[in-house]
Amino acid sequence: MYGVNPDVELYSVKVLDGDNKAPLSRIIRGIYWCMENDIDIINMSFGTTVCSQALKQAVSDAYAANILMVGAAGNGGGDVEYPAAFEEVMAVAATDAQAQMCDFSNTGEELDIAAPGEKIRTSGFFGGSVVTHGTSIAVPHVTGVASLLWEKDLSKSNEFIRQLISYSSRKIEGVNECGFLDAEYALEIYDEFSKNFKDGELDKDSEVAENLKSPETFDEVADDEAYAEGRWHTDRHATIVDRNNAAGLSTEVINIVKEGAVYPDKSNSGLNGSINNPWWHGRWIHPNGVSEVNYVAAVDMITYVATWGGDVLNTCNPTYFGEMSSTLFNEIKADLLSIYANFGQILPGKNTKANRKYFMYGCGLHTLQDIFAHSTTRGDGVLIDHDKNNKDVDADNINYYHRRHEVAKVATSYSLEMLKEDFYTDGKEIIHALKNAYEDASFKIIKIKKYVNENGYSDPILSQVTISSPK
């Protein structure tokens, strides 16, 4: 697989750990290592909301050393994160296949350039490849183009390369902060731009032509099995949370919620396996094959306990949560007690009441999202189940009866708004999602009307989508 510039000398300065996290001190050491080793461009596909003076000084020193720093704006849909937000860093936003700013991309006046950041194929483990998204994956496009331009004349300044990239960009409809990366046009105007670049900026009287081309769009993007977003498990739950944060929760909060959202699928959680732990995976039937699991009440209980940081586990009872059976209540209680007791090991160094709240709420969102994966049928009542022989009709294929996934996204978005107000998710979010995203879908949801009604809510949409049992 070739990148933007296959001839570049590429160095990997490892600062992130196995969880893609690092203390700022390690980031700072990495920047100074680049200065000491004559690196020209630093690709910074990471970010933080913390404005550190020590990090700012390192960035300032690197800029003074003529290093071009390219940073990810961030994926929370909020303000541009640091170090990208520092004036010396080229801040990169992400665009989708239609050349529009991605919903998840952070925005602000700090932005310098936008680049493709959705459904991007990149190298994966063991020589394979994956397709992924994020401003972090948009940054390497800019880094690569910068290297193409700089290799023409290494005596140029970092500011020359930065301004050339920005000036040569294509305009994005409805976006004023920055334009869309255009390597071809940057190379085309290179000589003219260089001739008119004086005292660290382009001469105001220059006649270097602006880029009047429209960004290229793509109607189809290949979604094969390597597509990291194509399956409805593990990382998919985090992606739904990340990209549907309508409430504008902070990056720190969303990161904890995402940790919780993927936790029930992890093999070491003790909660994985939808057959043995249906209350964590939106299934309506108990492992004994007879008892029912009111999955709406399960989401209700998990998110209610979460809003208290787990501190009410020994005082609440089944009557709090619709018509929840004592059997289901005790199953979920035991699991939540385990999370509460082991939180220091689950998220080391983060065992606070606030973090427990966000993590457990994320676990509840996992169950909420999985309702639309594991308790649905086709319009004719045939269960949408796992099919190892045909992934096209598998329950985890988000494109199979794709409205299931759309409804899950809206339900998540509305639930995050509830979280911001310290409210739990108790069934009204499902009605809201169905009314806004079900449209003309033909899939059915097993016992959804019964379970939402038992939790105290009713709406005509429930009769439209419900089915008593699968074929």
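## Exercises on a predicted model

Ala99 is found in the loop between strand 3 and strand 4 (111-116). The model is predicted.

### Exercise 1. Backbone outliers

Task: State where Ala99 and Lys447 are found, and decide from the relative accessible area whether each is buried or exposed.

Solution.
1. Start with Ala99. Its phi is near 60°, a positive value in a residue other than glycine.
2. The relative accessible area of Ala99 is 5%. Buried means under 20%, so Ala99 is buried.
3. Turn to Lys447. Phi is near 60° here, again positive in a residue other than glycine.
4. Lys447 sits in the loop between strand 11 (444-446) and helix 15 (448-454).
5. Its relative accessible area is 17%. That is under the 20% cut-off, so Lys447 is buried.

### Exercise 2. A peptide bond

Task: Which form does the peptide bond from Tyr82 to Pro83 take, cis or trans?

Solution.
1. Read omega for the bond from Tyr82 to Pro83: near 10°.
2. The bond is cis.
3. Place Pro83: the loop between strand 2 (68-72) and strand 3 (89-95).

### Exercise 3. Helix 12 against helix 13

Task: Describe how the axes of helix 12 and helix 13 are arranged, then list the residues that meet.

Solution.
1. Two packed helices are described by the angle between their axes and the distance between the axes.
2. Helix 12 covers residues 353-374 and helix 13 covers residues 403-420. Their axes come within 9 Å and cross at roughly 155°.
3. Angles over 145 degrees count as roughly antiparallel. Helix 12 and helix 13 are therefore roughly antiparallel.
4. The crossing of helix 12 with helix 13 is right-handed.
5. Helix 12 brings Tyr358, Tyr361, Leu365, Leu368, Gln369, Phe372 and Ala373 to the contact. Helix 13 answers with Arg404, Val407, Ala408, Ala411, Thr412, Ser415, Leu416, Met418 and Leu419.
6. Sort the contact of helix 12 with helix 13 by class: twelve nonpolar, three polar and one charged residues.

### Exercise 4. Helix 7 against helix 8

Task: Repeat the analysis for helix 7 and helix 8.

Solution.
1. Helix 7 is residues 235-243 and helix 8 is residues 251-262. The axes come within 8 Å and cross at roughly 150°.
2. That angle makes helix 7 roughly antiparallel to helix 8.
3. Helix 7 and helix 8 cross in a right-handed sense.
4. From helix 7, the residues in contact are Asp235, His237, Ala238, Val241 and Asp242. From helix 8 they are Ile254, Val257, Lys258, Ala261 and Val262.
5. The contact of helix 7 with helix 8 holds six nonpolar, one polar and three charged residues.

### Exercise 5. Nonpolar cores

Task: Which residues of the largest nonpolar core touch the most other members, and which helix gives the most to this core?

Solution.
1. The largest nonpolar core has 68 residues.
2. Val305, Ile332, Leu336, Ile339, Leu434, Ile445 and Ile448 touch the most other members.
3. Helix 9 (residues 295-307) gives the most to this core, with ten residues.
4. Inspect Val305. Leaving out residues up to four places away in sequence, Val305 touches Gly310, Val312, Leu313, Cys316, Leu336 and Met360.
5. Another core lies apart from the largest one. This other core has 31 residues, among them Met90, Val92, Val145 and Tyr190.

### Exercise 6. Glu331

Task: Where is Glu331, and which residues does Glu331 touch, not counting residues up to four places away in sequence?

Solution.
1. Glu331 is in helix 10 (residues 326-341).
2. Its relative accessible area is 27%, and Glu331 is partly exposed.
3. With those sequence neighbours left out, Glu331 touches Trp279 and His286.
4. Glu331 and Trp279 are 52 residues apart along the chain, with C-alpha atoms separated by 8.4 Å.

Terms used
Residues are numbered from 1 along each chain as its sequence is written. This is a predicted model: local features need pLDDT of at least 70, side-chain atom pairs count only at pLDDT 80 or more; totals for chains, interfaces and linings use all residues. Side-chain values use heavy atoms; hydrogens and water are left out. Axes are lines fitted to C-alpha atoms, for helices over the stretch in contact, and angles run from 0 to 180 degrees between N-to-C directions. Helices (H or I, at least four residues) and strands (E, at least two) are DSSP runs, numbered from the N terminus. Angles under 35 degrees count as roughly parallel, over 145 as roughly antiparallel, 65 to 115 as roughly perpendicular and the rest as oblique. A crossing is left-handed if the near helix is turned anticlockwise from the far one by less than a right angle, and right-handed if clockwise. Contact means heavy atoms within 4.5 Å. Ala, Val, Leu, Ile, Met, Phe, Trp, Tyr, Cys and Pro count as nonpolar, Asp, Glu, Lys and Arg as charged, and the others, Gly among them, as polar. A nonpolar core is a set of buried Ala, Val, Leu, Ile, Met, Phe, Trp, Tyr and Cys residues joined through side-chain atoms within 4.5 Å. Buried means under 20% relative accessible area, exposed over 50%, partly exposed in between (1.4 Å probe, protein chains only).
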